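Take a look at the protein below. We will walk through it step by step.

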Amino acid sequence: MKKILIILLSFAALQLQAQDLPQFKRIVKELSSARYQGRGYARGGANKAGKYLEKEFKKAGADAVTRQPFTIDINTFPGAMEMWADGRKLEAGVEFSMREYSPGVKGEFPVYHVDTLNFDGEKLLADLSRPENAGCLVCCDFWFTYKHGKVFSQLQKAGAYPNAGLLYTWEAPIKFFKAYGEKVVDKPIVWVTPEAIEGVKKVKLNVDNEFLTGYELFNVIAKVEGERHDSCYVFTAHYDHLGNLGRKVYYPGANDNASGTAAIVTLAAHYAKHKPGYDMYFVAFSGEDANLRGSTFFAEHPIVPLEQIKYLFNIDMIGDDNPVQYCEVSDAGMSQFPRFEKVNREQQLFQALNRGALAANSDHYPFAVRGVPCIFLENEDGQAFPHYHTPADNIKTIRWDSYTPVFKLVTGFIGE
Ligand SMILES: [Zn+2]
């Protein structure tokens, strides 16, 4: 009798931690499909994905699903996206890309290759002031320009020097960084691979940008009622991504962050089936890849007082296969970090939890700086990671390994 009870109880415990890999895969596949165009802004993909998520949260059995709208000003590249190097057409998103705050550009330009071996900032600026170098694109390794920011920042401003713009070289694949600038600088800035631009004398560009002002986005908030309402747990993941680069290229963002978004929907489904001890909120943020705008808005306009949050779990990029799990923990969350380590050890989930320094790299940050106990879970440096912020972060390159252990880690932490 006792034995049967134990078996039944442990079966119940297993049930209680039932991840749902097929559901996870289905949602990742949908969100990273062409229909959402990389969940960006120029084509309305982010808002379309938000509407899809509202349906999914309802299907998952959430007690309430609401929208939290906010607006942003943002630079986008919805139209032409073409570049030729000495007549050879380059591949957008692979061989070249635009700096997020670049204006559009049309025309043919001579290329001025900066001599980084015998570099002298003053000499460079003097040389660029000469009439024969007017209208050129100044080409240089990005990290070199970063090191000599004082010199190169002047080449972005209208009127300061007669160069037409800048070409920054970056090893392939070109990372689109933040896709969206909240401003537009005076002169065009193009990312290009060193191979594509080496020895090139002339560059032709045909690029359209569109700066959107007061563009409305929304966070999707799903709630599962618990036994108690005086405090709550919060799961967060951003569902927006880099959108598109011109008409033809889009960034599917299967790992970043269809993966985390799908994970919190399966967590909502799980807790809807097993009434939790406390209220549970599942917040899918928009505007993350545009400088954490959705999460910052939520933290400034919380729907529950921030001090009632027992713990917040921000899941971003878990579509990977590194057996060591990266995490960041807020100061307020540190006293409970050993519990994550205990669950991880006891259930043999990851080889280790590798805790890094807190950074403004995802949606946990606006909460961490406001004293909310929180953890950021990201599976870095696996086989999917090299495709981060490239059009190749798609359903083919995503890895499914980390979803189940992450699911078990957070549900095991909450317990009950
Ligand atoms: Zn992300």
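Is the site of the zinc ion tetrahedral or irregular, judging by the angles among its four donor atoms? Keep in mind that this is a predicted model. The angles run from 50 to 146 degrees, and the site is irregular. Four donors count as tetrahedral only if all angles lie between 85 and 135 degrees.

Now meet the donors. His238 gives its NE2 atom, Asp256 gives an OD atom, and Asp316 is listed twice, each time with OD. These atoms lie 2.1 to 2.7 Å from the zinc ion. Along the sequence, the donor residues follow the spacing H-x17-D-x59-D. His238 and Asp316 link distant parts of the chain, 78 residues apart. His238 belongs to strand S11 (residues 228-238). Asp316 sits in the loop between strand S15 (309-315) and strand S16 (324-329). Both are buried: His238 has a relative accessible area of 0%, and Asp316 has 3%.

Next, find helix H8, residues 254-273. Its 20 residues reach 27 Å from the first C-alpha to the last. That is close to the expected 28 Å, at 1.5 Å a residue. H8 is mostly covered, with 18 of its 20 residues buried.

Finally, turn to the cysteines. How many disulfides does a search of the whole structure find? The search finds zero. Take Cys136. Its closest cysteine sulfur is in Cys139, 10 Å away, so the two are too far apart for a bond. Cys136 is buried, at 3% relative accessible area. Cys140 is in no disulfide either; the nearest cysteine sulfur, again that of Cys139, is 7.3 Å away. Cys140 also counts as buried, at 4% relative accessibility.

Methods: Residues are numbered from 1 along each chain as its sequence is written. This is a predicted model: local features need pLDDT of at least 70, side-chain atom pairs count only at pLDDT 80 or more; totals for chains, interfaces and linings use all residues. Side-chain values use heavy atoms; hydrogens and water are left out. Donors are N, O and S atoms within 2.8 Å of the metal (3.2 Å for Na, K and Ca); water is not among the atoms, so sites may look incomplete. Four donors count as tetrahedral if all angles lie between 85 and 135 degrees; four count as square planar and six as octahedral if opposite donors are over 155 degrees apart and all others between 65 and 115; anything else is irregular. Helices (H or I, at least four residues) and strands (E, at least two) are DSSP runs, numbered from the N terminus. Buried means under 20% relative accessible area, exposed over 50%, partly exposed in between (1.4 Å probe, protein chains only). The expected span of a helix is 1.5 Å times one less than its number of residues. A disulfide is a pair of cysteine sulfur atoms within 2.5 Å.
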